[in-house]
Amino acid sequence: MELGLYTFGDVGTDPVTGRRVAPAERLRNLVEEIVLADQVGLDVFGLGEHHRPDYAVSAPAVALAAAATQTRRIRLTSAVTVLSSDDPIRVFQQFATLDNLSQGRAEIMAGRGSFIESFPLFGYDLDDYDTLFAEKLQLLMQLNESEQVSWPGGKHTPPITGRGVYPRPYQEKLPIWIAVGGTPQSLARAGVLNLPLALAIIGGEPARFAPLFNLYRQAAQRAGHDPAALKTSINVHGFVATTTQEAADTFYAPQAEVMNRIGRERGWPPTSRQQFDVARGPRGALFVGSPAEVTDKILAAHEIFRFDRFLIQMAIGVMDHIKLMKAIEIFGTRVAPEVRKAIRS
């Protein structure tokens with residue numbers, strides 16, 4: 001099983017110290033985090049695409065490229081690429097370039113996006129939210145299959161007549177994952193297309209999401225694919241530290257600030273420390289605690305989902321870089337080895 005990290009590169013004011021973190025500092029620290037994740041043996045690092053003032057990463061491939069030549073084995077992926085509001089050719093070229101720089105470690109995690117800022121920014125209509133993604137995903141898959149591309153065009157993409165798209169990836173093909181937040185139609189589409197699936201679980205009781213993986217595999221089987229060959233991931237929020245109390249105290253303030261800020265935009269009620277503490281319990285969605293607690297919770301989730309990959313977002317909001325680096329070290333040297341050992345046995 002693969003274990004890794006993902007983040008959006010949050011910028012803004014540290015809710016604990018009041019210190020302001022600008023994009024230049026956050027991106028510089030981000031490269032250090034990816035390099036450390038590689039050094040401690042983690043398998044994957046993902047960067048999410050956003051077009052907001054509270055995130056520094058609007059171009060995941062560019063930020064990942066900054067770490068590509070400083071790392072050796074860690075896989076570098078978007079988490080996610082908002083394909084609906086982007087050009088599939090440019091996405092393919094950017095990640096093919098990253099793949100060559102990293103000598104075969106690039107991936108694309110494509111999604112429709114949980115934020116909508118990129119749609120008006122690039123001139124797209126939100127009424128086309130789903131059809132944009134479906135059409136552009138088909139084109140991206142075709143670009144990945146063949147050097148010479150012929151495409152009939154559609155509502156959202158122009159025709160292409162036997163054109164080459166370069167550079168080609170270092171790998172034979174770029175791994176393309178579909179990232180979903182729980183919409184059944186999105187899971188079924190990933191299964192029909194025979195693409196690996198990343199399911200984000202950031203609230204509620206994770207066990208209740210298990211039927212979605214079943215739906216995904218059933219859709220793949222009905223489409224003539226082998227569901228046993230499909231890879232799956234769960235992407236969660238969490239934090240690890242030497243002690244339970246340290247992990248909870250470090251993670252709560254930045255995570256609550258982010259969830260409350262987004263909640264005000266979307267009409268969610270404010271969160272509380274009591275809710276946070278329940279969510280980091282055995283049945284909750286937050287993977288926060290000591291190395292042993294986080295290890296046990298990952299293994300318990302694996303019993304339910306049988307996933308191939310586990311990604312945790314520890315850098316949520318603006319937090320102390322030194323504490324985050326320590327958390328990455330602990331996750332890589334104490335949690336990951338124990339999880340892998342238990343899975344092998």
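**Entry 1: Overall make-up**

I began with the secondary structure and counted 11 helices and 14 strands in the protein. I then looked up the radius of gyration, which is 19 Å, close to the 20 Å that the globule rule gives for 345 residues, so the protein is as compact as a globular protein of that length. I note here that the model is a predicted one.

I took the extent of the C-alpha trace next: along the principal axes of the protein, the trace spans about 60 × 45 × 45 Å.

**Entry 2: Interior and surface**

I asked what share of the 345 residues is buried. The figure I recorded is 56%. For the surface, I noted that the protein exposes about 15,000 Å², and that carbon and sulfur atoms supply 53% of this area.

I also looked at contacts along the chain. Taking the contacts with a separation of 6 or more, I found that 72% are between residues 24 or more positions apart.

**Entry 3: Helices α2 and α3**

I turned to a pair of helices, α2 (residues 60-68) and α3 (residues 88-101). Their axes come within 9 Å and cross at roughly 5°. Angles under 35 degrees count as roughly parallel, and α2 and α3 are therefore roughly parallel to each other.

Which residues of the two helices meet? On the α2 side I listed Ala61, Leu64, Ala65 and Ala68; on the α3 side I listed Gln94, Phe95, Leu98 and Leu101. By class, I recorded seven nonpolar residues, one polar residue and no charged residues in the contact of α2 with α3.

**Entry 4: Arginine 90**

I stayed with helix α3, where arginine 90 is found. Its relative accessibility is 45%, so I entered arginine 90 as partly exposed. I then checked its distance to tyrosine 166, which is 76 residues away along the chain. The C-alpha atoms of arginine 90 and tyrosine 166 are separated by 9.8 Å.

**Entry 5: Leucine 187**

I next located leucine 187 in helix α6, which covers residues 184-192. Is leucine 187 buried or exposed? Burial requires a relative accessible area under 20%, and leucine 187 has 0%, so I entered leucine 187 as buried.

I listed the residues that leucine 187 touches, leaving out those up to four places away in sequence: Val180, Gly182, Leu197, Leu212, Phe213 and Tyr216. Lastly, I looked up arginine 344, which is 157 residues from leucine 187 along the chain. The C-alpha atoms of leucine 187 and arginine 344 are separated by 28 Å.

Methods: Residues numbered from 1 in each chain as written. Predicted model: local features only at pLDDT ≥ 70, side-chain atom pairs only at ≥ 80, totals over all residues. Heavy atoms only, no water. Axes fitted to C-alpha atoms, helices over the stretch in contact; angles between N-to-C directions. Helix = DSSP H or I, 4+ residues; strand = E, 2+ residues; numbered from the N terminus. Parallel < 35°, antiparallel > 145°, perpendicular 65-115°, else oblique. Contact = heavy atoms within 4.5 Å. Nonpolar A, V, L, I, M, F, W, Y, C, P; charged D, E, K, R; others polar. Rg over C-alpha atoms; globule rule 2.2 N^0.38 Å. Buried < 20%, exposed > 50% of the residue type's maximum accessible area, 1.4 Å probe, protein only. Areas by Shrake-Rupley, 256 points an atom, 1.4 Å probe, with all protein chains shown as cover.
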